[in-house]
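Please study the structure shown below and work through the exercises that follow it. Each task is followed by a solution in steps.

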Amino acid sequence: MELPWSADKAVQQLGRSHRANQSSAPLYQLVTTNLGGERRFAAAVAKRLLTLGALTKGDRRAATGVEFGEFNFNTPYGRTALRQMYGSILKRELYGGTSLDAVRKAAGVTEDLQLGRLFSILQEGLELMGVLERGVVKEGELGDVSRFLNRILGLKVQQQNLMFAYFSECLSTVIAIAKKEGRFNEGVTDIVAVSIKMVGNAREVFTEYKLSHVPTVHTHVVVDRGMGWEEVRALARQARGKCSGFYRSRREQYHRQLYLLALQKENSSHLFNIIRPNTGRSFYEETKTDLLNKYIPITPEKAEAGWKAQYDSTRERCIHGPTCKNAPSCLVGSRLSHLHLLSGGILPLLSLLETTLARHASSLELSKEAKSLRCSS
């Protein structure tokens, strides 16, 4: 269905085709063009529907339609991505984790657009949008996603497509970083790791409260996201692409050199998937230019000892090493993480759990990941 000009009309259209006692629920597919500015209308509809809780994951009985969350950019992550994008355009440097190839592909640009030319186009667009004042982003414009989506409608087609494509890449990177640090609120969460082991047996807790007939059960699991030498060596043997292989950092970081395996993406000569000993497969890709600027290719024989050392040393310790000022609470780059799962009757206790966690997080020196409280059903 084509998007109407207002969110209210979209709600009316969807509501009139979704009725009780129907034999099968409707499946909605929003039709949009690749024009960057059109996402402004999709974002307005998505935000309204997500607020109402109709036909979204908030109501599982009506979750058979389209996922509107992908069109909603006015979120904390969207506002962070917008601020990072403005800053990187003024610095004329790509935001960490984004790539020029991905921006060109998302914008549908076939010409060989270089980085300098891209930032010239984007900076000109910000000036035409009235975002800049004396070469600085106006204070009221920072983080205002709705105004940004409105303003790009006034740009030329290629310009607004490049602007929106770069914003989308920044948003994807911000979300990937939030997921890696355990800060991303995604509702139902899958625990992804090389191995997951349960510590002891699950036990019933909060027995003295009895706020529900359903018992509350606590389970302690240890998640290992690192990748050992044997597994990564097998992946390296299957790798394709002349630049795929093991790499070592050009400079020492945290008093040692770091190692990784770069796997060239299929049908791409510039993008690589990255695998590290301590954190496994990276959430975002690395460009060939960035990879070669920071790392040098080495043979598997030269990588083996360093890979094993990095794998072993980060088992229950951060990547910063024994001299880290925030140890032992710092878990940056650590292989193992401990997760405590509560299942059963937790909804009556949820407010109490949030308050208790927030009150004692500092005294217990909890990391960002440990302070994250998520609820799924």
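The exercises concern a predicted model and go from the whole chain to single residues.

**Exercise 1. The protein as a whole**

Task: State how many helices and strands the protein has, and what percentage of its residues count as buried.

Solution.
- Step 1. The secondary structure comprises 11 helices and 11 strands.
- Step 2. The protein has 377 residues, and 38% of them count as buried.
- Step 3. Among contacts with a separation of 6 or more, 65% are made by residues 24 or more positions apart.

**Exercise 2. The span of helix 3**

Task: Determine how the reach of helix 3 relates to the expected value, and which residues of this helix are buried.

Solution.
- Step 1. Helix 3 covers residues 76-91, which gives 16 residues.
- Step 2. The expected span is 1.5 Å times one less than the number of residues. For helix 3 the expected value is 22 Å, and the reach from the first C-alpha to the last is 23 Å, close to that expectation.
- Step 3. Its buried residues are Tyr77, Gly78, Ala81, Leu82, Met85, Tyr86, Ser88 and Ile89.
- Step 4. These buried residues pack against helix 5, strand 2 (136-137), helix 6 (145-151) and helix 7.
- Step 5. After helix 3 comes Arg92, with a positive phi near 60°.

**Exercise 3. The cover of helix 4**

Task: Find how many residues of helix 4 are buried, and what covers them.

Solution.
- Step 1. Helix 4 runs over residues 100-107, and 6 of its 8 residues are buried, so the helix is described as mostly covered.
- Step 2. The buried residues are Leu100, Asp101, Ala102, Val103, Arg104 and Ala107.
- Step 3. Their cover includes helix 5 and helix 7.
- Step 4. Just after helix 4, Gly108 has a positive phi of about 75°.

**Exercise 4. Two packed helices**

Task: Is helix 5 roughly parallel or roughly perpendicular to helix 7? Describe the residues at their contact.

Solution.
- Step 1. Helix 5 (residues 115-128) and helix 7 (residues 157-180) pack at an angle of about 100°, and their axes are 10 Å apart.
- Step 2. Angles of 65 to 115 degrees count as roughly perpendicular. Helix 5 is therefore roughly perpendicular to helix 7.
- Step 3. On the side of helix 5, the contact involves Leu118, Phe119, Ile121, Leu122, Glu124, Gly125, Leu126 and Leu128. On the side of helix 7, Gln159, Leu162, Met163 and Tyr166 take part.
- Step 4. Sorted by character, the residues of this contact are 9 nonpolar, 2 polar and 1 charged.

**Exercise 5. Two residues in strands**

Task: Classify His218 and Thr287 as buried or exposed, and name the polar partner of each side chain.

Solution.
- Step 1. His218 belongs to strand 4 (residues 216-224), and Thr287 belongs to strand 9 (residues 286-287).
- Step 2. A residue is buried when its relative accessible area is under 20%. His218 has 15% and is therefore buried. Thr287 has 12% and therefore also counts as buried.
- Step 3. The side chain of His218 makes a polar contact of 3.0 Å with that of His340. The side chain of Thr287 makes a polar contact of 3.1 Å with that of Asp290.
- Step 4. Beyond four places in sequence, His218 touches Ala202, Arg203, Val205, His340, Leu341 and Leu342. With the neighbours within four places left aside, Thr287 is in contact with Ser99, His270, Leu271 and Phe272.

**Exercise 6. Three residues in loops**

Task: Locate Arg134, Phe206 and Gly241, and state how accessible each residue is.

Solution.
- Step 1. Arg134 lies in the loop between strand 1 (132-133) and strand 2. Exposed means over 50% relative accessible area, so Arg134, at 86%, counts as exposed.
- Step 2. Phe206 occupies the loop between strand 3 (195-205) and strand 4. With a relative accessible area of 27%, Phe206 is partly exposed.
- Step 3. Although neither is glycine, phi is positive in both: near 60° for Arg134 and near 55° for Phe206.
- Step 4. Gly241 is in the loop between helix 8 (229-238) and strand 5 (245-249). Its relative accessible area of 41% makes Gly241 partly exposed.
- Step 5. Gly241 and Lys265 are separated by 24 residues in sequence, and their C-alpha atoms are 8.1 Å apart in space.

Technical notes
Residues are numbered from 1 along each chain as its sequence is written. This is a predicted model: local features need pLDDT of at least 70, side-chain atom pairs count only at pLDDT 80 or more; totals for chains, interfaces and linings use all residues. Side-chain values use heavy atoms; hydrogens and water are left out. Axes are lines fitted to C-alpha atoms, for helices over the stretch in contact, and angles run from 0 to 180 degrees between N-to-C directions. Helices (H or I, at least four residues) and strands (E, at least two) are DSSP runs, numbered from the N terminus. Angles under 35 degrees count as roughly parallel, over 145 as roughly antiparallel, 65 to 115 as roughly perpendicular and the rest as oblique. Contact means heavy atoms within 4.5 Å. Ala, Val, Leu, Ile, Met, Phe, Trp, Tyr, Cys and Pro count as nonpolar, Asp, Glu, Lys and Arg as charged, and the others, Gly among them, as polar. Buried means under 20% relative accessible area, exposed over 50%, partly exposed in between (1.4 Å probe, protein chains only). A polar contact is a pair of N or O atoms within 3.5 Å; within protein, one must be able to donate a hydrogen and the other to accept it, and residues adjacent in sequence count only if both atoms are side-chain atoms.
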